[in-house]
Number of protein chains: 2
Amino acid sequence: MSPIPVSPITFDRLCFRVEGKPVYLYSGEMHYFRVPKADWLRRMQLLKEAGGNCVATYIPWLLHEPEEGQFRFGEAADWLDLEGFLQCAREAGLYVIARPGPYQYSELIYDGLPGWLCEQYPEVLAQDVEGKSFRSSSVSYLHPVFLEKVQRWFDVVCPILASYTLSKGGPIAFVQLDNETIGIHEWFNTLDYNRSTMGFGKENGRYPRFLARRYEDIRRVSGLYGREYTSFSAVEPPPITGVGNLADIRRQRDYFEFYLETIAEYFQTLAGMLRAHGIDAPLMHNSGNPTMNAYFQRVVEQMGEGFLLGSDHYYNLDQNWAQNHPTPQYAVRVFLSNEMLRLMGFPPTVLELPGGSAADWPPVTAEDAHTAYFTNLALGMKGHNYYVFSGGPNPPGAGSTTDSYDYGAGISAEGEIRPLYRAQKEFGDFIRDHPKFLVSSRAYDCRFGLDFDLARAIRYWQHSDEGYFSGARAMEFLRTGPLTTALCASLSPVMCDLGTEDWLEDMDTPLMVVCSSSMSREKQERLVRFIQQGGKAIFAPVLPVLDETFEPCSILADYLGLSAQATGVDSMRRPCLGPVNNVLGRVHWIQAWPAEARVLGKEAVTGKPVACQVRGGEGQAILLGLEWVHAKREHEHMLRYLFGELDLHQKVACCNPNLWTSLWQSEDSSLLFIMNLLTAPMTARIQFQGLRGWVDAGEHNIPPVRVVCLEFNKQDESG
Amino acid sequence: MSPIPVSPITFDRLCFRVEGKPVYLYSGEMHYFRVPKADWLRRMQLLKEAGGNCVATYIPWLLHEPEEGQFRFGEAADWLDLEGFLQCAREAGLYVIARPGPYQYSELIYDGLPGWLCEQYPEVLAQDVEGKSFRSSSVSYLHPVFLEKVQRWFDVVCPILASYTLSKGGPIAFVQLDNETIGIHEWFNTLDYNRSTMGFGKENGRYPRFLARRYEDIRRVSGLYGREYTSFSAVEPPPITGVGNLADIRRQRDYFEFYLETIAEYFQTLAGMLRAHGIDAPLMHNSGNPTMNAYFQRVVEQMGEGFLLGSDHYYNLDQNWAQNHPTPQYAVRVFLSNEMLRLMGFPPTVLELPGGSAADWPPVTAEDAHTAYFTNLALGMKGHNYYVFSGGPNPPGAGSTTDSYDYGAGISAEGEIRPLYRAQKEFGDFIRDHPKFLVSSRAYDCRFGLDFDLARAIRYWQHSDEGYFSGARAMEFLRTGPLTTALCASLSPVMCDLGTEDWLEDMDTPLMVVCSSSMSREKQERLVRFIQQGGKAIFAPVLPVLDETFEPCSILADYLGLSAQATGVDSMRRPCLGPVNNVLGRVHWIQAWPAEARVLGKEAVTGKPVACQVRGGEGQAILLGLEWVHAKREHEHMLRYLFGELDLHQKVACCNPNLWTSLWQSEDSSLLFIMNLLTAPMTARIQFQGLRGWVDAGEHNIPPVRVVCLEFNKQDESG
């Protein structure tokens, strides 16, 4: 990309662009309040040399308004010189992502909020369902006093930012709203129930108004919630436990959706403040982790054009994380996250890609980080920001974890180059050397449906008493079962958003939909249309019997004449499918199947079907009544067999389930990523569907925890 | 060891012995009901060639009594020929560990129990607190009908085993009682509350009798439980949730201890059956995982001589495990497990050491397994059994996970040699080439107290409403905080059992005791004696204020004149200790300290002490009011500083916290294990306290996920 940031950065779901030309957004986080001013420029130049075109920084409210109403910037100390930093970035030829909060986290005390705010205005704190505040720096985002204080901070900082946007000749390309919003509630196992923010018990309170908008008649609420209410303001919010009967789950889902509406309102409010100050840069936000992406769907809808949602993809921040290094399980989460962002319309952007860790141990090593970077790239990442590219000493008393914020970053707190930096440069070199990658598409041979409702259900529907197959369980099954199996079986999956129409046109690529017992009427109808028009789909492990409000609705099952309800049974069953015997998993019995259904698999002890295929309109559907955690070769064989019945044609053939592949193709070249995310060397012969026919990519021995990428030009391919 | 198993195997906490000579117990699991008979001998010979001296097998009740009262053995099929297998082992020159159940698990349906038992006698099933059975093959161990059926099975199988023990010229060296007992309850988040087994509501029921024995007067129970009871039989058992007020925790602890008494009774009952049939081999049992070891303390006490407790040390059995390969976190668990077994009087024995996995994916690779084996060895393992050494086809319909029980074992189901076998042979070669290892002792420079009460508290005391520092949290802190820090700081810890006297003699090696708010009066008194007599100890993060029945008792705190209660606060604190600033952790305020106490550390914001040192009698004590998860170099510096104040002299010096060491020394040689359990190569210069002074072991670059061992003979050491 042009080294001089002048033109704005635009984006679509394929990639970022500058003046229409595809660009990879390569950003590194570097804090002017930590890195010594004398070394800003040199470290920025190092970032550029590694391939960087952007630098990101928090702008901590905590530091700039240490006493209420007393603001200080560069005149007070070098480490407060925001403007100097922006000028330096301009001089270095880097775009800037400015992150003025209100929240920063960033291992600052009070998560970067001013201490006086948290200590002297306890009314702004978030509250749990019992009305108690649970943490000294978790606020209620829409509390009027909080917003009033934010307004005052923004009134000071926004004019500075506004004068440094690209349109004013400055370097600011993006302004980030807040930081990992929701995290300060979610991570402490609650939502916010601040009574005055949410307006419980008040006629025109936010929660009563939400219920009135959604249900219109209070009798409807009484009926659905299984309680007697006389007015909307009489409805008390439920604790979020994720368990209960359907009425409980419904109440929790409504409260969670209401809460997410308040988040959208918070974003609108912050954006309004920025826009009022003339900040014309696009806005962005970083979802705290892949699981939280779906929480921001409403924010994305409301913010519209000029807003980018990215996600934070750490693999380890302390010894209690699921893994110490990038594992296959991490890769599946990355894949889901990137696909989710793409489906929301964005170039998948990892706004915090590990550039170290606040923990010195377990360490984020250069080798592991390299693998993490290329894993993210292989699975769709089109831009990133290292958190952090370089650190330095914390301002006096401001660090919550340490006094030296070294972070094990590529450039140490003292400014020395570490091996991690070389890994980052290798990544930059790869991007530079493969300009076609950005406009390539990922080859796919099968599709998995994504129901955003299920992606949010982890908060409100873990388990329902009646034995329905829950949304949280369905998402976990999708991730640990079919998706993982597909990757082990060397299939090339993509996701499609069941809430949209754009995937309906492709009648050739088979679709697998993991269903919970609930699916919106609209999505069920869309799936019926897909089958009618010639689509081919596998449904597992059940078919929905409820709509999005958890009222009876089995449009899809009725159309197919099939029904599998949630009745998972234990391991005394022997599901046998086609040529594959005794597939490990939980059987959900198929209760109804039409006489003309083709039975593809039976439970061996009872002889009852576990997989049935039916025709519908021009299309075909398979119901697979099996739930599994990928573990066995039999799972691969089963999935290939079932997709084979729906005419899947593999794009890649790799005989080793421990090597995962991702194939990207442009008009005249193919890039084949091979990922070994295990800790032993792995060998396989790999072939793929090239641009002119099958290509033998040869036999490869991939070292442990390493991603390699092979490039094939069209003319080199052996047809 | 002698290749001809004739003499019995004895054991003490140092090692196994045959005719007094130290021997490593090297066993491999191989099932006659899976491995084809024609290949038994060859595979056993392969086991021997790998260093094996023992073969283990389940003897599945399920297969031998397929219909009630209808027993079948070798006359029915080769895969039922138990006697043929025992003869074959004798011929191969291998000892045998016979595991006749009742339970096997072993990926057999009904966990290896006969289906007729589970289906036709539902009264034997374990029940949850609501009286409902929760799983079709989880029984109530002491249910009379279950024991009657077990007796019938044992009446048939025990005479066979009795005639093949070593004293009869057979190969059976050990008989295992049951399998991973408690697991079939614990893993489904309950204990057993089968009403008829436990005798709730009955004057002479087991639970009422337990309460009467423990409390004598029902008014005492009423007082302690905070409820009104008129008789012991009126006491209803509590659900085990691990949370509640102190009275709730007390009830749960009592029920759990009662439950563990029933487990001890179960073991006595099974042992009685075996002994009645003349089985004179020592008995053994495999704790299901390191966490469960402490559950068997009562069993161990009651079984006395001739009983061995081992543990199962898997690192991954499916993708949802905490790790895919042996990690540092796994090593800490292994260390704790081996030390616990040693403290119970046993040579640490891993009765199921991963020899593959029921899951094909994530795979147990030869490289990872090699590392797991040597990690276990470095941390004290004195014997093991590969689960499994070799598999084969499951008997028809009997496999719950697959039809071919290949297990990814060193010898495949078809009998082919895999790389994993070579890793196993390398391990055997190492044992053969280092005969001194078995009688070496592990060098140590610091000690950590183990309170077995805390090790069990995970089940009944996660959190108490009053804000006490719970037993479960103390154990987690010990593992993830001080122990991990010690290993990163290249200290060489050992554990000592606070419940015994034998560690009191050593006044030189400093001791660290992680305390919960509760510690038995006896242990508190013992610690006071230790200090009085000249011992040096660090206590963290609180001092006990309750005794073992959760009644007030602060003998230790009173003696020291110090008191820190559980008041963990959030991250706005800056603990500074000696030369170390801003140590990440939760501060537990020291509320009382005598004027003569030496303040070793303060919280910087308030200036209040977070670490105080006092003299007591001849000794010294430090109270450290900090709780942490090891993450930072500061944690290492802090721990070295505090131990340094108590005159610790390090045995090993390694500058890289990512390389962990374990030093074993005999009279004339030192073995230094260096473990790299991360996924990047690691380098360090290492020195250690040799037999004649400090030895420079040189600079070493250890590849990822690899354990190496260096040997130094006394004469080679540079003094």
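Two strands are taken to pair if DSSP finds at least two bridges between them. Helices (H or I, at least four residues) and strands (E, at least two) are DSSP runs, numbered from the N terminus. The structure described here is a predicted model, in which local features need pLDDT of at least 70, side-chain atom pairs count only at pLDDT 80 or more, and totals for chains, interfaces and linings use all residues. Residues are numbered from 1 along each chain as its sequence is written, chains are lettered from A in the order in which they are written, and side-chain values use heavy atoms, with hydrogens and water left out.

**Two sheets of chain A**

Strands of a sheet pair through backbone hydrogen bonds, either parallel or antiparallel. In chain A, β29 and strand β32 (residues 682-689) run antiparallel and are joined by three bridges. Within this pairing, A:C654 stands opposite A:I686 of β32(A). The two strands belong to an open sheet of three strands with the order β29-β32-β33 (chain A) and antiparallel pairing. Because β29 (652-654) and β33 (694-702) of chain A each have a single partner strand, one side of each is left without a neighbour in the sheet. On average, neighbouring strands of this sheet are turned by 20° against each other, direction ignored; the axes are lines fitted to C-alpha atoms, and angles run from 0 to 180 degrees between N-to-C directions.

Another open sheet of three antiparallel strands has the order β1-β2-β3 (chain A). Its edge strands, β1 (9-11) and β3 (21-23) of chain A, each pair on one side only. The average turn between neighbouring strands of this sheet is 45°, direction ignored. Strand β2 (residues 16-18) of chain A pairs with β3(A) over three bridges in the antiparallel sense, and A:V18 has A:K21 in β3(A) as its bridge partner.

**The contact between the chains**

Chain A and chain B each bring 52 residues to their contact (heavy atoms within 4.5 Å). The area buried between them, meaning the accessible area (1.4 Å probe) that both parts lose on being put together, summed over both, is about 4500 Å², and carbon and sulfur atoms give 49% of it. In chain A, the residues that lose the most area to chain B are A:Q319, A:W361 and A:M572, together 17% of what that side buries.

Side chains of opposite charge can pair when their charged atoms come close. A salt bridge is a side-chain nitrogen of Lys or Arg within 4 Å of a carboxyl oxygen of Asp or Glu. Four salt bridges are counted between chain A and chain B, while a search of the whole structure finds 91 over all chains. Two examples are listed below.

| Salt bridge | Closest N and O atoms |
|---|---|
| A:R574 and B:D403 | 2.8 Å apart |
| A:D453 and A:K523 | 3.0 Å apart |

The pair of A:D453 and A:K523 links distant parts of the chain, 70 residues apart: A:D453 lies in helix α15 (residues 452-456) of chain A and A:K523 in helix α17 (residues 521-532) of chain A.

**Particular backbone sites**

The peptide bond from A:G101 to A:P102 is cis, with omega near 15°. A:P102 is placed in the loop between β6 (95-99) and α4 (115-120) of chain A. In chain B, a cis peptide bond also joins B:A540 and B:P541, with omega about -15°. B:P541 is found in the loop between β20 (536-540) and α18 (555-560) of chain B.

Note on methods. Buried area = accessible area lost by both parts, 1.4 Å probe.
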